[in-house]
Structure formats: C-alpha cells, structure tokens
Amino acid sequence: MFYTDFIEGRKIIRSDLLFGVEHFFTTRELCLFSKEADMTDNRRVVEEFLGQKMATNHPVHGINIEKVVSGKFFYADTDGLLLRKGCAAYMNFGDCVPVILYCDDGGIIAHAGWRGTVQKMAQAAVKRMTTEFGVNVNEIKAVIGPAICLDCFQVGKDVYDGLYGSVTDHTEGFRERYGEYYAGLKDINRQQLIEAGVEQIDVCPYCTACGEKLFFSYRHENKTGYRHSAVLKL
C-alpha cells in the first residue's frame with residue numbers, strides 16, 4: 001500500500017512493501033528534473049536527505065540495464081539502473097511506468113513506457129536481478145509507481161496489439177470500445193511481473209493524468225518538460 005511522506009515539507013509517496021528501504025516517488029512539490037527550469041536546488045535537498053550523490057540516466061525507451069558504479073553518476077541510453085548496497089539513483093517520468101525491484105542484495109529502477117512494456121522491460125529487470133544477485137524470483141519485491149491509467153491512455157491499434165502480445169493474461173489493462181483502444185500500463189507491467197514469477201507486488205493507485213494531479217503528465221499537459229522521479233538508495 002502506498003502512503004504519503006514528506007521531505008522538508010514537500011510531499012512524496014512510498015510503498016509499505018519496501019518498508020525500511022529508502023525509496024520514494026516525488027510529486028510536483030519536489031521536482032528533480034525539468035527541461036524548462038533548473039532543478040539543482042531540489043536535487044540538493046534530496047541528496048542531503050539521502051546523505052549521498054545520486055546517479056541518473058537518459059532513457060531511450062528500450063530495455064538496456066546498466067550497473068551503477070562508484071564515481072559514475074550519469075548513464076546514457078539506459079532505461080534501467082542496477083544498484084548494489086551503498087548506491088543511490090533516481091529516474092524521471094512523465095507518464096511512463098516506474099518499476100522498482102528489490103532484494104536483500106540490491107535493486108533496480110526501471111523505466112517502462114509503452115515501448116519498454118512491449119519489449120517486456122519488467123521481465124528483463126527480473127532476469128537481471130536473478131542473474132546478478134543469484135536470488136530466486138519469489139525473493140524479489142516489486143513496486144510499480146505512479147503512471148498514466150487505463151482510462152487516460154488511448155493508443156493506436158498497433159500499440160495496443162504490441163502491448164497485448166506482451167502478456168498471456170489479458171484480464172486487466174486492455175479496453176477496446178467503439179473502435180478506440182485503451183491500455184493500462186501499470187496493469188500490464190504487473191501482469192508481466194506475475195508471469196515472470198514475482199509474487200510480492202505493490203501498484204500505485206495514482207494516475208499521472210487525472211485524479212489529484214500530484215504528478216506531471218507529458219500527454220495531458222501539452223508535452224510538459226517537468227518530470228516526477230523514482231528514487232532508490234540501498
């Protein structure tokens with residue numbers, strides 16, 4: 001279950017599935033990245049809170065996962081960051097799905113937009129976790145952060161078909177109505193995790209495009225350059 005917390009009075013959200021693990025998702029009140037403004041001060045606030053500098057990435061909507069190493073803080077052409085103990089990282093999102101995976105030895109932050117979801121980024125991250133840390137799939141805890149919901153994400157048939165083919169169970173995450181197609185990326189990523197064998201999953205109920213407007217929406221805010229972020233420190 002997700003709950004609200006604060007850093008210097010600025011709202012963040014966390015999952016109790018990862019209680020005791022330093023992780024959170026920022027809101028509009030603590031933006032770490034924008035193409036339209038300098039967010040250096042907000043990043044300083046978060047790094048002072050964490051007690052260390054964070055690594056980050058430049059996404060390309062693929063499934064490349066890079067290991068965070070000491071002294072390197074930027075990873076180009078990367079949609080997943082693998083962290084060992086002692087590392088901290090953040091990743092930025094407009095409407096795409098943030099996925100955090102955690103086991104006792106490490107974790108991954110993954111970026112799963114519709115392209116990454118079609119390529120099964122969530123399952124690629126699970127495989128990387130089991131390979132890197134030698135853990136069983138049922139030891140992995142997965143948290144799916146705020147992202148655009150089924151009602152707000154209308155797609156073309158080609159995108160719909162690609163997403164449909166990424167899972168075997170289509171009970172949730174898909175809607176076809178009067179020739180219009182809708183996809184629920186959080187639901188689809190959850191199903192991918194289930195089909196990979198992950199048993200412990202928490203899904204954020206918030207949509208980035210509707211509801212309380214806690215987050216930024218690229219699609220529904222005129223391609224805004226502001227982003228909310230997923231943060232993980234081990």
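Start by selecting Tyr160 and Tyr164: both sit in helix H4, four residues apart, which is about one turn of the helix. Keep in mind as you click around that this is a predicted model. An α-helix has 3.6 residues a turn, so residues three or four places apart point the same way. Now show the two rings. Their centres are 6.1 Å apart and their planes meet at 25°, so the pair of Tyr160 and Tyr164 counts as stacked.

Colour the two by accessibility next. Tyr160 is buried, at a relative accessible area of 7%, while Tyr164 is partly exposed, at 36%. Then add Tyr181 to your selection. The rings of Tyr160 and Tyr181 have centres 4.9 Å apart and planes at 55°, so this pair is tilted. The pair ties together distant parts of the chain, with Tyr160 in helix H4 and Tyr181 in strand E15, 21 residues apart. Is Tyr181 buried or exposed? Like Tyr160, Tyr181 is buried.

Add Phe174 as well, and you have a cluster: ring pairs link Tyr160, Tyr164, Phe174 and Tyr181. If you fancy hunting for others, the model has eight aromatic pairs in total.

**Charges over rings**

Stay with rings a moment. Select Arg175 and Tyr182: the charged end of Arg175 sits over the ring of Tyr182, 6.0 Å from its centre. Then go to Lys53, which lies over the face of Phe73, 5.2 Å from the ring centre.

**Into the core**

In soluble globular proteins, nonpolar side chains tend to be buried together. To see this here, select Leu101, Ile108 and Leu193, which touch the most other members of the largest nonpolar core, a set of 38 residues. Which elements each supply at least two residues of this core? They are strands E10 (97-103), E11 (106-112), E12 (141-144) and E15 (180-183), plus helices H3 (121-133), H4 (157-164) and H5 (185-195). The largest share, six residues, comes from H3.

Zoom in on Ile108 and show what surrounds it. Beyond its neighbours within four places in sequence, Ile108 is in contact with Ile65, Leu81, Leu82, Val99, Ile100, Leu101, Ala125, Arg128, Met129 and Leu232. There is also a second, separate core of 26 residues, and its members include Ile13, Leu18, Cys87 and Met91.

**Along helix H3**

Select H3 by itself. With 13 residues at 1.5 Å a residue, H3 should span 18 Å, and its end C-alpha atoms are indeed 18 Å apart. Which residues of H3 are buried? Highlight Met121, Ala122, Gln123, Ala125, Val126, Met129 and Phe133. These buried residues pack against strands E6 (65-67), E8 (80-84), E10 and E11, and against helices H2 (114-118) and H5. Just past the end of H3, click on Gly134, which takes a positive phi of about 65°.

Hop over to H5. The buried residues of H5 are Leu185, Lys186, Ile188, Asn189, Gln191, Gln192 and Leu193. After H5 comes Gly197, again with a positive phi, near 105°.

**Two odd backbone angles**

Most residues other than glycine have a negative phi, and most peptide bonds are trans. So which spots to try here? Select Glu8, which is not a glycine yet has a positive phi of about 50°. Glu8 is in the loop between strand E1 (2-7) and E2, and is exposed, with a relative accessible area of 58%. Then pick His61, another residue other than glycine with a positive phi, near 60°. His61 lies in the loop between strand E5 (56-57) and E6, and counts as partly exposed at 29%.

**A buried arginine**

From Glu8, move along to Arg14 in strand E2 (residues 10-15). Is Arg14 buried or exposed? Arg14 is buried, with a relative accessible area of 8%. Leaving out residues up to four places away in sequence, Arg14 touches Met1, Phe2, Tyr3, Asp5, Glu22, His23, Phe24 and Phe49. Tyr3 is eleven residues from Arg14 in sequence, but their C-alpha atoms are 5.5 Å apart in space.

**Last stop: the cysteines**

A disulfide is a covalent bond between the sulfur atoms of two cysteines. How many disulfides does the model have? The count is zero. Select Cys31 to check: the nearest cysteine sulfur, in Cys96, is 15 Å away. Cys31 is buried, at 4%. Finish on Cys87, whose sulfur is 13 Å from the closest cysteine sulfur, in Cys103, too far for a bond. Cys87 is buried too, with a relative accessible area of 16%.

Methods:
Residues are numbered from 1 along each chain as its sequence is written. This is a predicted model: local features need pLDDT of at least 70, side-chain atom pairs count only at pLDDT 80 or more; totals for chains, interfaces and linings use all residues. Side-chain values use heavy atoms; hydrogens and water are left out. A nonpolar core is a set of buried Ala, Val, Leu, Ile, Met, Phe, Trp, Tyr and Cys residues joined through side-chain atoms within 4.5 Å. Buried means under 20% relative accessible area, exposed over 50%, partly exposed in between (1.4 Å probe, protein chains only). Contact means heavy atoms within 4.5 Å. A disulfide is a pair of cysteine sulfur atoms within 2.5 Å. Rings of Phe, Tyr and Trp (its six-membered ring) pair if their centres lie within 6.5 Å; planes under 30 degrees apart count as stacked, over 60 as edge-to-face and the rest as tilted. A charge sits over a ring if NZ of Lys or CZ of Arg is within 6 Å of the ring centre and within 35 degrees of the ring normal. The expected span of a helix is 1.5 Å times one less than its number of residues.
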